[in-house]
Amino acid sequence: MKPSTILAWGLRIAFATLFGLAAFSKFSGDPQYISEFAKIGFGDWFRFATATLETIGAIGLVIPRMKPWGAFVLLAVTFGATVAQLTVLHVGLLHCALIGTGLLVLIYLSFFPQQPEVGQQS
């Protein structure tokens, strides 16, 4: 197995788990998320919409044909979280940047898989 394939699968599993757990926390009514979404000003409906997108994206990451689209959905959620962090919440910007970077790497590996070098068997 190529290193890029191992990296891509590792990222896919890690992000699917991360976003799946975050979605579960939002669906289950974790007080931290209730408070954050209240501060943002959108309330429960937006918390449930975000959790639904996180669930769809996490499932998409582990389905090979859907992996880039799952990553795009999660990147959009991360972008929204970054905007909320910058404008309203003012905490935790580093994790948004790291998650966004990892998702971009995953998207790159999905759309541009490494080709074997000349003379090298695949």
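## The lining of the largest pocket

In this predicted model, the residues that line the largest pocket divide into 20 nonpolar, eight polar and three charged. There are 31 lining residues, and those nearest the centre of the pocket are Lys26, Tyr33, Glu54, Val77 and Ala81. The pocket holds about 640 Å³ of space. Rolling a probe the size of a water molecule over the atoms shows where empty space is left.

Which elements build this lining? Two or more residues come from each of H1, helix H2 (31–40), H3, H4 and H5. H4 gives the largest share, with 11 residues.

## The overall layout

Stepping back, the protein has five helices and zero strands. Reading along the sequence gives the pattern α-α-α-α-α. Along the principal axes, the C-alpha atoms fill a box of roughly 60 × 25 × 15 Å.

The protein has 122 residues, and buried ones make up 33% of them. Take the contacts between residues at least 6 apart in sequence: 60% of these join residues at least 24 apart.

## A closer look at H4

H4 is worth following through the structure. Its buried residues are Pro68, Gly70, Ala71, Leu74, Val77, Thr78, Ala84, Gln85 and Leu89. What do they pack against? The buried residues of H4 have H1, H2, H3 and H5 as their packing partners. One of them, Val77, is also among the residues nearest the centre of the largest pocket.

Just after H4 comes histidine 90, and its phi is positive, near 60 degrees.

## The largest nonpolar core

The largest nonpolar core has 14 residues, and the members that touch the most others are Phe15, Phe19, Leu61, Leu103 and Leu106. Helix H1 (3–27), helix H3 (44–61), helix H4 (67–89) and helix H5 (93–111) each give two or more residues to this core.

Leucine 61 makes a good place to look in detail. Leaving aside residues up to four places away in sequence, leucine 61 touches Arg12, Phe15, Ala16, Lys67, Gly70, Ala71, Leu74 and Leu106. Gly70, Ala71 and Leu74 in that set are buried residues of H4, while Phe15 and Leu106 are among the core members that touch the most others.

## Two salt bridges

How many salt bridges does the model contain? The count comes to two. Side chains of opposite charge can pair when their charged atoms come close.

One pair is glutamate 54 and lysine 26, with their closest N and O atoms 3.1 Å apart. This pair links distant parts of the chain, since glutamate 54 sits in helix H3 and lysine 26 in helix H1, 28 residues apart. Are these partners buried or exposed? Glutamate 54 counts as buried because its relative accessibility is 4%, under the 20% cut-off. Lysine 26 counts as buried too, at 5% relative accessibility. Both residues also appear among those nearest the centre of the largest pocket.

The other pair is arginine 47 and aspartate 44, whose closest N and O atoms are 2.8 Å apart. Both lie in helix H3, three residues apart, which is about one turn of the helix. An α-helix has 3.6 residues a turn, so residues three or four places apart point the same way. Arginine 47 is buried, with a relative accessible area of 4%, whereas aspartate 44 is partly exposed at 42% relative accessibility.

Definitions and conventions:
Residues numbered from 1 in each chain as written. Predicted model: local features only at pLDDT ≥ 70, side-chain atom pairs only at ≥ 80, totals over all residues. Heavy atoms only, no water. Core = buried A, V, L, I, M, F, W, Y, C linked by side-chain atoms within 4.5 Å. Buried < 20%, exposed > 50% of the residue type's maximum accessible area, 1.4 Å probe, protein only. Helix = DSSP H or I, 4+ residues; strand = E, 2+ residues; numbered from the N terminus. Contact = heavy atoms within 4.5 Å. 1 Å grid on protein atoms, 1.4 Å probe; cavity = no way out; pocket = protein on both sides within 12 Å on 5 of 7 lines; lining within 4 Å. Points joined across faces, edges and corners; volume = space filled by probe spheres on them. Nonpolar A, V, L, I, M, F, W, Y, C, P; charged D, E, K, R; others polar. Salt bridge = Lys/Arg side-chain N within 4 Å of Asp/Glu carboxyl O.
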